[in-house]
Amino acid sequence: TFGDGNEEADVWTAVMERTLTANGYRVDVVNAGVEGYDTHSEALYLEELEPKLHPDIVVLGFLANDVYTNTPAETPPAEADHPGGGFQLHAVEWARRMLMQNDRAYARMFLLTSRREYYTTPASEHVRRQVEITGEWLSRLAAFCRAHNIRLAVVSIPQQFAVIAGARVMPHERMLGD
């Protein structure tokens, strides 16, 4: 939704709006994404926005990282880092961008994080529970949309890591350092 490192006109929601308009559709695309929101936060945000926007269609950009952070319904959502709301050292941001330009280094660094467990089999109990919680939130979103006569499309956007790993065709064992 944010197209990290891209101009706003090149973000997928802007491209979608231009494409639909060029093909004769009358659309008004509202990019209501909030950086740092997961499925839990997005469901609650849609419930808040629906009376103001009355959308006909909601396109949910689902990313794998949503599974990592989703919490049960009774847990309040975490506050998101809104664009411009936090402080990040320029050198740290530069290093992150440089690392992301090196596919092999990025994939290896990603697998050093705690999120590695999401890319191993069999799935741990923790991963299975997170997938279950995410399913509950997606079901809640679908039910809300049905109740408000809103069409819901869930677009799964792979994380950079998943794309890199697939593109490099690195053997699973080598990629995980096993």
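In the predicted model, R129, E132 and E136 are joined in a network of salt bridges. Within this network, the closest N and O atoms of R129 and E132 lie 2.6 Å apart, whereas the corresponding separation between E136 and R129 is 3.8 Å. R129 and E132 are 3 residues apart in helix α6, and are therefore separated by about one helical turn. With respect to solvent, R129 is partly exposed, at a relative accessible area of 30%, and E132 is likewise partly exposed, at 44%; E136, at 41% relative accessibility, also counts as partly exposed. Helix α6 carries a further salt bridge between R128 and E125, for which the closest N and O atoms are 2.9 Å apart. Because R128 and E125 are 3 residues apart in helix α6, about one helical turn separates them. E125 is exposed, with a relative accessible area of 54%, while R128, at 43%, counts as partly exposed. The count of salt bridges comes to 5.

With regard to overall architecture, the protein chain contains 8 helices and 2 strands, which follow one another along the sequence in the pattern α-α-β-α-α-α-α-β-α-α. Of the 178 residues in the protein chain, 25% are buried, and the accessible surface comes to about 11800 Å², with 56% of that area belonging to carbon and sulfur atoms. Among contacts between residues at least 6 apart in sequence, 76% join residues that are at least 24 apart. A pairing of residues distant in sequence is provided by P158 and L63, which are 95 residues apart along the chain and 6.2 Å apart in space, C-alpha to C-alpha. P158 is located in the loop between β2 (151–157) and α7 (160–168) and is partly exposed, with a relative accessible area of 49%.

The largest nonpolar core comprises 10 residues, namely A43, L46, V58, L60, I133, W137, L141, F144, C145 and I150. Two or more residues of this core are given by each of the elements α2, β1 and α6 (125–147), and the largest share, 5 residues, comes from α6. A second, separate core of 5 residues includes F62, V67, Y68 and V127. Once neighbours within four places in sequence are left aside, A43 is in contact with W137 and L141. T39, which is found in helix α2 (residues 39–53), is buried, its relative accessible area being 0%. When residues up to four places away in sequence are not counted, T39 touches F62, D66, N70, T134, W137, L138 and L141; among these contacts, W137 and L141 are members of the largest nonpolar core, while F62 is included in the second core.

A search of the whole structure identifies 1 aromatic pair. This pair is formed by Y37 and Y45 in an edge-to-face arrangement, with 5.6 Å from centre to centre and 90° between the planes. Y45 counts as partly exposed, at 23% relative accessibility, and is therefore not assigned to the buried class, for which the limit is under 20%.

On the surface, I57, V59 and V155 form a nonpolar patch, with about 210 Å² of accessible area together. V59 is placed in strand β1 (residues 57–63) and is partly exposed, with a relative accessible area of 31%.

Methods. Residues numbered from 1 in each chain as written. Predicted model: local features only at pLDDT ≥ 70, side-chain atom pairs only at ≥ 80, totals over all residues. Heavy atoms only, no water. Helix = DSSP H or I, 4+ residues; strand = E, 2+ residues; numbered from the N terminus. Buried < 20%, exposed > 50% of the residue type's maximum accessible area, 1.4 Å probe, protein only. Contact = heavy atoms within 4.5 Å. Patch = residues over 30% accessible without salt bridge, like charges linked within 9 Å, V, L, I, M, F, W, Y side chains within 5 Å. Areas by Shrake-Rupley, 256 points an atom, 1.4 Å probe, with all protein chains shown as cover. Salt bridge = Lys/Arg side-chain N within 4 Å of Asp/Glu carboxyl O. Phe/Tyr/Trp six-rings, centres within 6.5 Å; stacked < 30°, edge-to-face > 60°. Core = buried A, V, L, I, M, F, W, Y, C linked by side-chain atoms within 4.5 Å.
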